[in-house]
Amino acid sequence: AAQKQQQEQAAAQAQAQAQPAPTTNVYDVKPNDNLSSIAQQNGKTVDELLAIPGNEKYKADPNKINVGDKVNLGEPQAPTPQPDANAQAQQQAQEAAQKQQQEQATVQAQAAQAQPPAADNVYDVKEGDNLSTIAQKQGKSVDELLSIPGNEKYKTDPDKINIGDKINLSTVDSPQNQSEQDQNVDDHDNSS
């Protein structure tokens, strides 16, 4: 019970610290200040400042303020509610998890690009080609081509391909590698 009470007190203190103090209702004029800059800093217009009781002396000449003058800002503003510490911690954890997922996806994409597909799994772009015609020739959709590693660069503008570009057609191993894998399977079967 004592531990729970301590946790509640710590949570209350954290929440109190997260709440900003109300904005003061008096502004001390500093060098180079003018009513326009003071109003802007406090989310008001010059006319709103001049309408606040105590600022009447500036109506005759709004530019005549002196360092050390006190400009009344009106009623203190209520503090902006801040999320509690638990909500902030949860949000930070979610953001960290999303960042980690993005980094993993980037690493996987880079690894996939590091292994170029076999020559028969690549299409050399020729004059007059675009992703639609290439996809049609290969019996695929444009989306299928764009989902193949190495073709991501065309997602932003699928029709911006150049003669000589290499479009990956699949992520399947080359026939040579596949036949080696098949041979290894046959060898294993024969050893029984």
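Me: So helices (H or I, at least four residues) and strands (E, at least two) are DSSP runs, numbered from the N terminus. Where is Asn32 found, then?

Reply: This is a predicted model, and in it Asn32 is found in the loop between β1 and α2, the latter spanning residues 35-41. Its phi is near 70°, a positive value in a residue other than glycine.

Me: Which sign does phi have in most residues other than glycine?

Reply: Most residues other than glycine have a negative phi. Asn32 departs from that with its positive value, and Asn32 is exposed, with a relative accessible area of 78%.

Me: OK, step back. How many helices and strands does the protein have?

Reply: The secondary structure comes to seven helices and four strands, and read along the sequence they follow the pattern α-β-α-α-β-α-β-α-α-β-α.

Me: What share of the residues is buried?

Reply: Of the 192 residues in the protein, 20% are buried. The protein exposes about 14,000 Å², with carbon and sulfur atoms supplying 47% of that area. If you look at contacts between residues at least 6 apart in sequence, 56% of them join residues at least 24 apart.

Me: Switching to α5. Which of its residues are buried?

Reply: Helix α5 covers residues 131-138, and its buried residues are Leu131, Ile134 and Ala135. They cover an arc of only 100° around the axis, which puts them on the same side of α5. On the other side of the helix, Gln136 and Lys137 are exposed.

Me: And what covers the buried residues of α5?

Reply: The cover includes strand β3 (122-124), helix α6 (142-147) and strand β4 (166-168).

Me: What happens at the ends of that helix?

Reply: At the N-terminal end, Asn130 acts as a cap, with a side-chain oxygen 2.9 Å from the backbone nitrogen of Ser132. Just after α5, Gly139 takes a positive phi of about 70°.

Me: Back to Lys137 for a second. What does Lys137 form with Asp129?

Reply: Lys137 forms a salt bridge with Asp129, and the closest N and O atoms are 3.1 Å apart. The two partners differ in exposure: Lys137 is exposed, with a relative accessible area of 53%, whereas Asp129 counts as buried at 13% relative accessibility.

Me: Why can such side chains pair at all?

Reply: As a general point, side chains of opposite charge can pair when their charged atoms come close.

Me: How many salt bridges does the structure hold?

Reply: The structure holds three salt bridges, and one of them is the pair from Lys137 and Asp129 just discussed. Another joins the side chains of Asp28 and Lys70, at 2.4 Å from N to O. Asp28 lies in strand β1 (residues 26-28) and Lys70 in strand β2 (residues 70-72), so this pair ties together parts that are 42 residues apart in sequence.

Me: How exposed are Asp28 and Lys70?

Reply: Asp28 is partly exposed, with a relative accessible area of 37%, and Lys70 is also partly exposed, with 47%.

Me: Which side chain does Lys166 meet in a salt bridge?

Reply: The side chain of Lys166 meets that of Asp124 in a salt bridge of 2.5 Å, N to O. This pair links distant parts of the chain, with Lys166 in strand β4 and Asp124 in strand β3, 42 residues apart. Lys166 counts as partly exposed at 47% relative accessibility, and Asp124 is partly exposed as well, with a relative accessible area of 36%.

Me: What about Asn121, buried or exposed?

Reply: Asn121 counts as buried, at 11% relative accessibility. It lies in the loop between α4 (85-114) and β3, and a polar contact of 3.4 Å joins its side chain to that of Ser170.

Me: Last topic, confidence. What is the mean pLDDT of the protein?

Reply: The mean pLDDT is 76, and 67% of the residues reach 70 or more. Among the elements, β2 has the highest mean pLDDT, at 91, and helix α7 (residues 175-190) the lowest, at 42.

Me: Where is pLDDT below 50, and how many contacts do those stretches have in the model beyond near neighbours in sequence?

Reply: Residues 18-23 have pLDDT below 50, and beyond near neighbours in sequence that stretch has 12 contacts in the model. Residues 173-192 are likewise below 50, with six contacts counted in that way.

Terms used: Residues are numbered from 1 along each chain as its sequence is written. This is a predicted model: local features need pLDDT of at least 70, side-chain atom pairs count only at pLDDT 80 or more; totals for chains, interfaces and linings use all residues. Side-chain values use heavy atoms; hydrogens and water are left out. Buried means under 20% relative accessible area, exposed over 50%, partly exposed in between (1.4 Å probe, protein chains only). The arc is that of the directions from the helix axis to the C-beta atoms. Contact means heavy atoms within 4.5 Å. A polar contact is a pair of N or O atoms within 3.5 Å; within protein, one must be able to donate a hydrogen and the other to accept it, and residues adjacent in sequence count only if both atoms are side-chain atoms. Accessible areas come from the Shrake-Rupley method with a 1.4 Å probe; for residues, only the protein chains shown count as cover. A salt bridge is a side-chain nitrogen of Lys or Arg within 4 Å of a carboxyl oxygen of Asp or Glu. pLDDT is the predictor's confidence in each residue, from 0 to 100.
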